[in-house]
Protein chains: 2
Amino acid sequence: MNSKYEYIYNLILDKIRNGFFKEGDTLPSEYTLMKEYNASRDTIRKSLQLLSNNGYIQKSKGKGSIIINSDIYNFEFNGIYSFKEVASKIYGKKVETIVHKCEYIKADNFIKKVLKLNDNNDMIWYIERVRNIDNEKIILDIDFINSYIIKTLDKKIVSNSLYEYIENELNLKISYAERNIFCTFPTDYERSLLDINNYNMLITVESKTFLSDTRLFQYTLSNHRPDKFRFKDFARRR
Amino acid sequence: MNSKYEYIYNLILDKIRNGFFKEGDTLPSEYTLMKEYNASRDTIRKSLQLLSNNGYIQKSKGKGSIIINSDIYNFEFNGIYSFKEVASKIYGKKVETIVHKCEYIKADNFIKKVLKLNDNNDMIWYIERVRNIDNEKIILDIDFINSYIIKTLDKKIVSNSLYEYIENELNLKISYAERNIFCTFPTDYERSLLDINNYNMLITVESKTFLSDTRLFQYTLSNHRPDKFRFKDFARRR
DNA sequence: ATGTATTTGTACGTATGTATG
DNA sequence: ACATACATACGTACAAATACA
């Protein structure tokens, strides 16, 4: 986006990330920021609300806005990111994707129900990808994709980035996701695809991902070797 | 709070929860809601933004606001809740808390660092609680609490609800938390406290919980038997 | 302890831009 | 081409919490 409040949000966030504002510091007042960025109070407050929602500042009536998190890795899990986007922030590690399957198939009853398909329109893309981190097969991602929304796919696209293709080539807007984290027992097939060592469990992140027009286009089961799994979260009490 | 926009937010949320607005329905336009609730557009938009942030509606320029989630259990994990608050929504199950320890002790170096205590002020409350669900010991919660913020505690308080005490008796405002989810191996001691069956792993939710004045008052390790663990999340792409 | 200035929170208004149908 | 609906951006006024002299 190129709205003014998002632009100012990014300017202030940069100052937090590069250490100009440090944890515990108080931001300039909204009035000062208005002058600094030549913006109305409404615009400044929208920028600050984004910072607050994303866990960077704590606003306090009468006091000001205090920096509470300058962790540059914070962003990785507070939102929807493709594996490629997350991987680009994992420094010093060798990361690659192996596409095992990318098939145009008929959905079974469970997937038909999840993706809200009917009997006459039940073709999906079935994708299996293994994520290799420092030469260990750590994550197995299985995707079920509505083929009436994403009509064309191939191994090359999904070995690079599915989201990049959807957003930049198809010009669709990925908007929100419902996620569910739980434990599963690996099947023999999953064992064969992952370097599972002696672990006898997997952490599964189940995601339903939606476009801005509320269409569900993707159902994903992301299976993680337990020792490498980590999920960060920022929450506010209401 | 009793601000107008929060009041309207709750009125609309009630209509979503009780089925007056259903998934896929379009809300009345902002202009219509202005008249209905006798409020300005700014106020209505604040109410709708809350609904959007919490995963109940999807706003779309030119179209309107569409209901995307009427799941009344949705709220349980999108925020900070005490075990008592969560338990009150688990129907048909017997839920109880067993307090194993509630001690005023000296913090070790790790906890001193986490809670930002110094050598002259390093006393904490150490609490061990087991959560019993349908007569099985499923969760072991271990709390390390800054005793200079929460001065007085006892077994009775922590067997009821720590948050209820902090908010209603001490009148402190619990505001936000950083959470981290990962896997651990149970120690013999943890095995002895939980009905762990043949599972050889635990899911640990590590939380740092802060007051509205940015003071960190609580560090918690919540250890879950893997088969009973479930974490729900709603995320938006930015 | 008190009053005053500062700072954020809420509520209302107006105008214009942009996407949708 | 037009009406509708949400998005952005400017403004004003007053309330409430906090800090400080």
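## Helix 1 of chain B

Start with the inward-facing residues of helix 1 in chain B of this predicted model: B:Tyr5, B:Ile8, B:Tyr9, B:Ile12, B:Leu13 and B:Ile16 are buried. They sit on the same side of the helix, because the arc they cover around the axis is only 140°. An α-helix has 3.6 residues a turn, so residues three or four places apart point the same way. The cover over these buried residues includes helix 2, helix 3 and strand 2 of chain B.

The length of the helix works out too. Helix 1 of chain B has 14 residues, which at 1.5 Å a residue should span 20 Å, and the C-alpha atoms at its ends are indeed 20 Å apart. After the helix comes B:Gly19, with a positive phi near 90°.

## Where the two chains meet

Between the protein chains, 34 residues of chain A are in contact with 34 residues of chain B. On the chain A side, strand 1 (57-60), strand 6 (174-184) and strand 9 (231-236) each put in at least two residues. Strand 6 of chain A has the largest share, with ten residues. Sorted by class, the side of chain A that touches chain B comes to 16 nonpolar, eight polar and ten charged residues.

Strand 6 of chain A also pairs across the chains: its partner is strand 9 (residues 231-236) of chain B, in the antiparallel sense, over six bridges. For a concrete spot to look at, take A:Tyr176, whose bridge partner in strand 9 of chain B is B:Arg236.

## Around DNA strand C

There are 20 residues around DNA strand C, and the nearest of them come from both protein chains: A:Ser29, A:Glu30, A:Lys59, B:Lys4 and B:Gly62. Four elements each supply at least two residues of this surface, namely helix 2 (30-37) and strand 2 (64-67) of chain A plus helix 1 (4-17) and helix 3 (41-53) of chain B. Helix 3 of chain B gives the most, with three residues. As for class, the surface near DNA strand C splits into four nonpolar, eight polar and eight charged residues.

## Around DNA strand D

DNA strand D has 21 residues around it, and the closest are A:Lys4, A:Thr43, A:Gly62, B:Ser29 and B:Glu30. The elements giving two or more residues here are helix 1 (4-17) and helix 3 (41-53) of chain A, along with helix 2 (30-37) and strand 2 (64-67) of chain B. On this surface the most comes from helix 3 of chain A, with three residues. The class breakdown near DNA strand D is four nonpolar, nine polar and eight charged residues.

## The hairpin in chain A

Two residues from those DNA lists turn up again in a hairpin. Strand 1 and strand 2 of chain A run antiparallel and are joined by four bridges. A:Lys59, one of the residues nearest DNA strand C, stands opposite A:Ser65 in strand 2 of chain A. Three residues lie between the two strands of the hairpin, and A:Gly62 in the turn has a positive phi of about 85°. A:Gly62 is also among the residues closest to DNA strand D.

## Loop residues in chain A

Most residues other than glycine have a negative phi, and most peptide bonds are trans. Two asparagines of chain A go the other way on phi. A:Asn135 has a positive phi near 65° and lies in the loop between strand 4 (123-133) and strand 5 (136-146) of chain A. With 9 C-beta neighbours inside 10 Å, A:Asn135 counts as exposed. A:Asn171 has a positive phi of about 55°, and its place is the loop between helix 7 (162-169) and strand 6 of chain A. A:Asn171 is exposed as well, with 7 other C-beta atoms within 10 Å.

A:Lys22 is in another loop, the one between helix 1 and helix 2 of chain A. It counts as exposed because it has 10 C-beta neighbours inside 10 Å. A:Lys22 and A:Ser3 are 19 residues apart along the chain, and their C-alpha atoms are separated by 26 Å.

## B:Val99 and its surroundings

B:Val99 lies in strand 3 (residues 95-106) of chain B. Is B:Val99 exposed or only partly exposed? With 17 C-beta neighbours inside 10 Å, B:Val99 counts as partly exposed.

Setting aside neighbours within four places in sequence, B:Val99 is in contact with B:Arg129, B:Lys155, B:Val158 and B:Ser159. The C-alpha atoms of B:Val99 and B:Ser222 are separated by 14 Å, with the two residues 123 residues apart along the chain.

Methods
Residues numbered from 1 in each chain as written. Chains lettered and ligands numbered in written order. Predicted model: local features only at pLDDT ≥ 70, side-chain atom pairs only at ≥ 80, totals over all residues. Contact = placed C-beta atoms within 7 Å. Nonpolar A, V, L, I, M, F, W, Y, C, P; charged D, E, K, R; others polar. Pairing = 2+ DSSP bridges. Near = placed C-beta within 6 Å. Expected span 1.5 Å × (residues − 1). Buried ≥ 20, exposed ≤ 12 C-beta atoms within 10 Å, placed from the backbone. Arc of directions from axis to C-beta.
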